[in-house]
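Here are my notes for your read-through, written as numbered points. Keep the viewer open and find each spot as you go.

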Number of protein chains: 2
Amino acid sequence: MRPDAPQRGFHEAEFAARTAKAQARMAEAGLAGLLLMTEPEVRYFSGFQTLFWQSPTRPWFLFVPAAGKPIAVIPEIGAVLMRRSWLDDVRTWSAPQPGDDGISLLTDLLAPLAKAGETIGLMKGHETSLRMPLGDWERLMANLPGLGIADATRLVQGLRMVKSPAEIEKLRYICEIGSATFDRVPEVIAEGMPLEEVFRTFRREALAQGADDAPYVVGASEPGGYSDVISPPSRRPLQAGDVLMLDTGCSWDGYFCDFDRNWAVGKADDLARRAHDTLWRATEAGLAAAKPGNSCADLFRAMSAVIAEMYKSGGDIGRLGHGLGTQLTEQPSHAAFDETVLEAGMVLTLEPSLSYGAGLMMVHEENIVIRSGGAELLTTRAPQELPVIGG
Amino acid sequence: MRPDAPQRGFHEAEFAARTAKAQARMAEAGLAGLLLMTEPEVRYFSGFQTLFWQSPTRPWFLFVPAAGKPIAVIPEIGAVLMRRSWLDDVRTWSAPQPGDDGISLLTDLLAPLAKAGETIGLMKGHETSLRMPLGDWERLMANLPGLGIADATRLVQGLRMVKSPAEIEKLRYICEIGSATFDRVPEVIAEGMPLEEVFRTFRREALAQGADDAPYVVGASEPGGYSDVISPPSRRPLQAGDVLMLDTGCSWDGYFCDFDRNWAVGKADDLARRAHDTLWRATEAGLAAAKPGNSCADLFRAMSAVIAEMYKSGGDIGRLGHGLGTQLTEQPSHAAFDETVLEAGMVLTLEPSLSYGAGLMMVHEENIVIRSGGAELLTTRAPQELPVIGG
């Protein structure tokens, strides 16, 4: 354990404050409750943290009423852990039970609201999914005639976008671990190592540096640059003249870093060096624009203007960064369509990318927190010049 | 890389065979296509494998028509990788695009079927989720009046349950890596190590043994036994008299092992030893019952009969094992409600558990493949007697 590790978990006051803010927004929107079923949202309001979400077998529900603490409706296997949370009302069933996976319990909970003709919020917009069988959702709705369902996506995402000091401390810590891991790359990775071993070595190093896990490790290494940033690694050994990129989402206490680094293997060609320099300066422009009052679209335009020096037509990746927190990618998006206004406490990635040469691309990424005076880096800034491994 | 590593990926014939089987079942069910959007299913029919699914931002769609190859409707960022697959028809849009995240493309694809009054299959049953915004789903349906939607959960799960020889080879390999990792535990983990470091050490060891990742590591260590198997690790050091359990889902080329091991730290008390022996024998009963023609409910009853020697009332975990493959847990479930008949080629966990003492529990788990003659272990069988670390 690193000596600077923050406390795990949160004080009850954190969850009470999140719930109170949600309830204030629910009152404005005329919502009698929020029905949540995805891991980040259930955790946000309850503190319930488990890897068990990796199993698709069981649904989990949390209901935030108009007043009072959230109510959990969950499989019995989660009862011990959920009862350690700040919640008082934890309702369970013996799951899996395909004929009735929580539907009766939810019906009992929501029937009085349906009878009263109330409306509850559900996250059904951009970046959401329905983490329960659609058939069960349809049955639940048939059980609850008169219940209104409103889209609460922006309400919940808007809350989650602005991080508390305790959340920022966790994000700073995992970004430090990520930076320390990238610092070690030139010592533990060398020409001749198959890319698959590079990924494995990187993961082991991230754990050694203090990450709880490194679930997201992607990248590429190809001559002069790479063409794809989402593929699994090949067994091809790193070769002199490659550009190697590693992009990682490491996690600590359920919070993520998400940034990448580029290196030339042995030697760098001029085009790759120019791409790196351009993206570094695009990031500088993003850092300068990342202050309260500017929008995500402003951030996008500031970075795009620099990228256009080398790459006129813009990319099809659709955005140049995003929010960061308990998910690898969160709202908002640095894109022309996103007019979200930056606020102090938002934690964001700046992720400019460009295409060059014959089908090559480069991506550069840093993580920041918005402060009243502007951007504060959470990652150790990449060097302006493309670094060379074993040069 | 271990010398016995199988080839990564699959030959095109594997995907063609999966698609042909699906189309035969679709014809029986009168379905003009299957609309898929979850990672295991998109990968099953296309081979598309990426960690990018960890980001919730973008939806991904695969349509399996009544005849011919599947059609991908995906974000542009996945185009290079998907075009390397066996598919010929890859349609992309610049995502994220909250106003139209693939909905126009899906509408174009499905409109002729809607016009003809056809019905397509969608997974909307047990263990499924809708991995797209519910609001987008509702808009898509409004665009396609006349299109019938039938539940294709069992159709797809039924296909995926029975593994091909190439899949079994990958599953055997990751189970070997898992077994080798557990074998190392008494050498790398000792009394006094905080549980958090135990988990980190285990993950690093799994990577060293050749796993691509160890995304699922849970467990517990408490005096005489543990009470909860889904919590994150504490910083409490292992103490003499503890029972330590580690349960892991390690992955290789997208396939999982999922099994656990128990150890006494320093010394074992009689109750814990008896629980371990009972679960070991319950697993033997499961191994004997795991043959073609028996059902999952038969497996459940065979294991329950042994568990009842020590624990009369049965558990609330709801099942005693499950399917295994590209997901940590898959269909079927070894539960009283699941009458799925075992077939050669199914890969399963046997996972008997019981409660004992003052709120303690123990879980035991092995992975098997069903052969025509019965169960074949993929894991190195746990010893009958509770092993002692540093005894």
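1. Let's start at a loop. A:Gly321 sits in the loop that runs between α10 (296–307) and β11 (322–323) of chain A. Keep in mind throughout that this is a predicted model.

2. Is A:Gly321 buried or exposed? Its relative accessibility is 0%, and it counts as buried, because buried means under 20% relative accessible area.

3. Now look at what surrounds that glycine. If you leave aside neighbours within four places in sequence, A:Gly321 is in contact with A:Pro332, A:Ser333, A:His334, A:Thr349 and A:Glu351. You can also check its distance to A:Cys296: the two are 25 residues apart in sequence, and their C-alpha atoms are 9.1 Å apart in space.

4. Next, another loop residue. A:Gln209 is in the loop between α8 (195–208) and β7 (213–223) of chain A. With a relative accessibility of 17%, A:Gln209 counts as buried too, since the cut-off is 20%.

5. Which residues does A:Gln209 touch, not counting those up to four places away in sequence? They are A:Arg2, A:Ile177, A:Ala180, A:Thr181 and A:Arg184.

6. Helix α2 of chain A (residues 39–46) deserves a stop. Eight of its eight residues are buried, so the helix is largely enclosed by the rest of the structure. Among these buried residues are A:Glu39, A:Glu41 and A:Arg43, along with A:Val42, A:Tyr44 and A:Phe45.

7. What do the buried residues of α2(A) pack against? In chain A, the partners are the helices α1 (12–29), α3 (79–83), α6 (153–161) and α7 (165–188), plus the strands β1 (33–36) and β2 (61–65). Right after α2(A) comes A:Gly47, and its phi is positive, near 85 degrees.

8. Time to zoom out. Chain A has ten helices and 18 strands. Its radius of gyration is 23 Å, close to the 21 Å that the globule rule gives for 391 residues, so chain A is as compact as a globular protein of that length. Along its principal axes, the C-alpha trace spans about 70 × 40 × 40 Å.

9. How much of chain A counts as buried? The figure is 62% of its 391 residues. Sequence separation is worth a look as well: among contacts in chain A between residues at least 6 apart in sequence, 70% join residues at least 24 apart.

10. On to the surface and the charges. The accessible surface of chain A comes to about 13,200 Å², and 53% of this belongs to carbon and sulfur atoms. Chain A has 37 positive and 51 negative side chains, with the centres of the two sets 2 Å apart.

11. Then there's the second copy. Rotating by 180 degrees, with 0.0 Å of shift along the axis, superposes chain A on chain B at an RMSD of 0.0 Å. The two copies are therefore related as by a two-fold rotation axis. The same surface serves both copies, as 99% of the contact residues of chain A recur in chain B.

12. Last, one residue in chain B. B:Glu284 lies in helix α9 (residues 270–289). With a relative accessible area of 31%, B:Glu284 is partly exposed. Its C-alpha atom is separated by 9.5 Å from that of B:Val306, and the two residues are 22 apart along the chain.

Notes: Residues numbered from 1 in each chain as written. Chains lettered and ligands numbered in written order. Predicted model: local features only at pLDDT ≥ 70, side-chain atom pairs only at ≥ 80, totals over all residues. Heavy atoms only, no water. Helix = DSSP H or I, 4+ residues; strand = E, 2+ residues; numbered from the N terminus. Rg over C-alpha atoms; globule rule 2.2 N^0.38 Å. Buried < 20%, exposed > 50% of the residue type's maximum accessible area, 1.4 Å probe, protein only. Contact = heavy atoms within 4.5 Å. Areas by Shrake-Rupley, 256 points an atom, 1.4 Å probe, with all protein chains shown as cover. Lys, Arg positive; Asp, Glu negative; His and termini not counted. Charge placed at Lys NZ, Arg CZ, Asp CG, Glu CD. Least-squares fit on C-alpha atoms with pLDDT ≥ 70 in both.
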